Amino acid sequence: MTQIKAINAQQLRSFCSQAEFDFKTTNDLPDFEGIVGQERAIEALSFAVEIDRPGYNMYLMGSTGLGKHTLLKRFLDEAATKKSSADDWCYVFNFDNPQNPKAIHLPAGEGREFRDDMRRLVQDLQAAIPSAFETEQYYTRQQEVRDSMQAKTREAFNSLAEEAKQHNVILLRHDEDLTFAPVKDDKELSPEEYEKLSEKDKSQYEEVISVLEERLNNLIRQRTLWQKEAREKISEINREVGMFAAAHLIEEVKVRYKNIKEITNYLMDVQEDVINSLYDFREYEHTETELPVEGGEEYYGFQHYEVNLIVDNKEKPDQNHGCPVIYEDNPMYQNLLGRVEYVSQMGTQVTDYRFIKSGALHKANGGYLIIDAHKLLSQPYSWEALKRVLVAKEITIQSLGDAVGLLNTVSLEPEPIPLDVKVVLVGGRSLYYLLEDEDPEFAELFKVEVDFSESIDCSKESLNQYAQVIATLIRKNNLTAFDQSAVQRVIEYGMRQIEDTTQLSTHMHSMVDLLIESDHWAKKEKQAVVRRADVQLAIDKQIYRADRSRDRIYDEIKKGIIMIDVSGEKIATVNGLFVIETGRIEFSQPARITATVRIGDGDIIDIEREVDLGGAIHSKGVLILSSYLGAHYATGKPLSLAASLVFEQSYGNVDGDSATVGELCALVSAISKIPVKQSFAITGSADQHGNVQAIGGINEKIEGFFDVCKLKGLTGEQGVIIPASNVAHLILRDDVVDAIENKQFSIYPVNIVDEAISLLTGLPAGERNAEGEFPEESVNYKVEQRLLEMAELKHEDQHKDEHEHENACHEESKESKKDK
């Protein structure tokens with residue numbers, strides 16, 4: 001086995017050397033207009049935007065803080081400029097069925113004009129119709145009809161009275177009553193005089209009066225018909241006058257929208273309703289206060305002519321041309337599909353088409369709708385409603401109570417609006433895969449997966465682009481310029497977040513926070529530019545604000561309450577490392593891994609698992625230990641030991657396999673009775689063949705043990721043993737690198753377990769020779785010999801137990817024979 005070399009400090013300081021930056025401050029760098037390192041996501045977005053087929057909606061996935069929303073909005077805004085503007089939509093009164101308002105779409109911007117034209121039309125009608133009915137010509141025509149009817153009636157009654165007079169009968173009027181009475185010598189007979197008449201004369205009078213009364217009744221009925229005819233003629237005159245006043249006004253609006261069939265049909269209905277409502281217009285008292293065109297005031301009794309503009313796509317000065325791009329932050333059912341609002345009148349909830357409100361789907365119709373997937377699924381019925389409209393390709397406004405069958409009230413049923421929208425859900429990967437597995441409709445409706453990467457490859461080109469991104473963010477947030485060293489420290493901070501010196505972080509939110517805080521500390525020191533020290537101070541302050549728990553743990557280590565040794569040697573005790581997450585920071589705490597061994601059947605007891613504090617992955621690592629021991633040391637005989645492993649003074653849940661190598665070294669020490677150096681801490685996963693594998697949290701673990709060593713005093717012998725495959729992930733604090741450079745602290749990368757054993761014991765681990773034997777002075781030889789001893793002892797114990805059992809059976813047989 002070759003000698004294991006510690007990592008030198010230079011390896012830990014050359015992260016950005018390949019960039020060859022040639023700027024002094026970020027003021028020398030241009031803005032970066034593109035999107036760094038998201039080629040896969042951009043290609044997926046372009047594909048989804050270009051393909052115009054059902055179901056090709058998008059699910060954009062990636063970790064929070066990557067700037068997905070910002071990048072998506074920028075991309076869609078640019079794509080929207082290449083598409084035509086979406087239509088305006090409005091609802092109007094349905095004169096045939098008021099419960100079903102009609103939907104009308106117009107080219108972008110014309111919806112507002114149509115609404116204003118209708119408002120002006122009503123104002124014009126309110127002025128023109130009363131004026132038309134106040135003309136001399138109208139009154140003359142109306143009076144002619146009345147005079148004609150009255151003359152005809154008068155002539156008929158006079159003719160009847162003349163005929164009665166010829167039969168010595170007169171027609172008398174008493175208020176509204178008409179009666180006939182006999183006369184003699186042109187004088188009405190009194191009742192006494194009439195009684196003195198002969199029966200013949202009386203009979204003759206009665207016969208005549210009866211005939212006349214019949215004719216009078218016919219005449220009265222005819223008069224009613226003449227009055228009806230007169231009213232119809234007057235109504236026709238009113239209609240003619242109304243048409244004269246209104247038709248040309250309505251025609252002007254109709255000509256303006258002659259290419260939109262729905263509007264011309266609607267205006268024909270409006271014209272018919274206006275003619276049928278002439279009395280309302282004639283009774284309207286026009287005031288000097290005009291109804292504003294841009295207002296929500298009522299039409300003083302003519303509200304049903306109002307146009308309810310629910311989607312207005314008129315271009316605004318601060319908006320790009322093209323189709324809409326809408327982000328719905330609160331995707332409740334009503335916010336997505338729209339709603340019908342109610343007002344209280346006389347203790348009753350009432351509504352009409354004017355209270356129809358649009359939802360996000362209406363506003364995004366013809367364009368793009370962005371929704372946070374987690375928020376969408378958190379809202380009752382929103383997800384099912386979205387799927388329903390995407391399948392139906394139309395938006396039906398329906399109250400949530402009606403949609404789920406909880407209410408059966410009579411309400412409006414607005415005409416559905418055709419839907420043409422691309423929906424983009426933004427969420428995490430786990431949610432995407434959950435929907436893929438559990439919802440069969442999801443894959444049919446969201447066929448495009450847009451995967452944003454958390455990192456990009458580190459190269460000369462990407463580093464320079466990254467510096468431009470930093471400069472762009474600095475200018476966008478009005479911050480002080482950063483010098484080259486500060487930019488390099490920001491890049492290192494991003495690398496530290498993803499634990500990889502070969503990658504650059506795309507987590508823009510945390511980067512912006514660091515830039516803002518670095519600017520703050522630089523300004524506090526009255527610096528003209530932000531330096532590396534200012535960035536480091538900002539990082540240190542972030543940690544300080546959140547590391548109270550870490551300080552308390554380290555204080556307990558310093559006081560000896562938590563027992564950790566960083567010098568000397570101990571048998572079966574190894575310093576392991578585990579990471580603790582507290583809010584926004586992670587830190588490492590060293591912990592003693594101890595092992596005990598005895599003769600057994602090859603079982604290794606994981607005490608953490610036995611008390612339900614160990615996770616499945618940790619338990620898997622312990623089982624791998626048993627397999628490694630058997631394969632490495634007990635190929636010819638059974639593994640005849642029992643062992644126990646535990647994290648001492650650990651009172652929380654433990655998971656992960658990063659302690660596997662440390663646990664294995666503790667077992668080797670316990671079996672061989674060779675002490676291990678307490679000046680080392682160790683971390684790493686191992687497979688069944690003894691290969692050391694990479695683990696997470698490597699920087700936190702190294703810094704955690706360094707901090708404990710610093711508390712107890714650096715001796716130059718202390719260090720951390722890590723997997724060699726983790727070297728590319730090392731981005732350590734400056735004080736740790738300085739200690740390594742000054743030979744006060746070391747980091748040893750290992751590839752196999754034997755290398756870790758050699759470092760911890762100071763003895764060669766040993767490799768099998770051609771005969772398959774370990775060298776006698778090696779650790780592996782002593783482990784193998786101890787296991788062979790255990791196997792022999794167990795075999796002897798088993799043989800002894802078998803012999804005693806046979807003797808007992810023999811004695812029992814003899815006693816049985818005696819009894820017989």
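The following paragraphs describe two helix pairs and two nonpolar cores in a predicted model.

In this predicted model, local features need pLDDT of at least 70 and side-chain atom pairs count only at pLDDT 80 or more, while totals for chains, interfaces and linings use all residues. Residues are numbered from 1 along each chain as its sequence is written, and side-chain values use heavy atoms, with hydrogens and water left out.

Helix H3 (residues 110–132) packs on helix H6 (residues 199–256) at an angle of about 165°, the axes lying 8 Å apart; helices are DSSP runs of H or I with at least four residues, numbered from the N terminus, and axes are lines fitted to C-alpha atoms over the stretch in contact, with angles from 0 to 180 degrees between N-to-C directions. H3 is therefore roughly antiparallel to H6 (an angle over 145 degrees). Contact (heavy atoms within 4.5 Å) involves residues including Leu-121, Leu-125 and Ile-129 of H3 and Ala-245, Leu-249 and Val-253 of H6.

The largest nonpolar core (buried Ala, Val, Leu, Ile, Met, Phe, Trp, Tyr and Cys residues joined through side-chain atoms within 4.5 Å, buried being under 20% relative accessible area with a 1.4 Å probe, protein chains only) has 70 residues; Phe-114, Met-118, Ile-129, Phe-180, Tyr-266 and Tyr-305 touch the most other members. H6 gives the most to this core, with 16 residues. A second, separate core holds 49 residues, among them Ala-670 and Ile-757.

Helix H23 (residues 660–672) and helix H26 (residues 753–761) pack at about 60°, with axes 10 Å apart. Their contact joins Val-661, Leu-664, Cys-665 and Val-668 of H23 to Val-753, Ala-756, Ile-757 and Leu-760 of H26.

Key:
Helix = DSSP H or I, 4+ residues; strand = E, 2+ residues; numbered from the N terminus. Parallel < 35°, antiparallel > 145°, perpendicular 65-115°, else oblique. Buried < 20%, exposed > 50% of the residue type's maximum accessible area, 1.4 Å probe, protein only.
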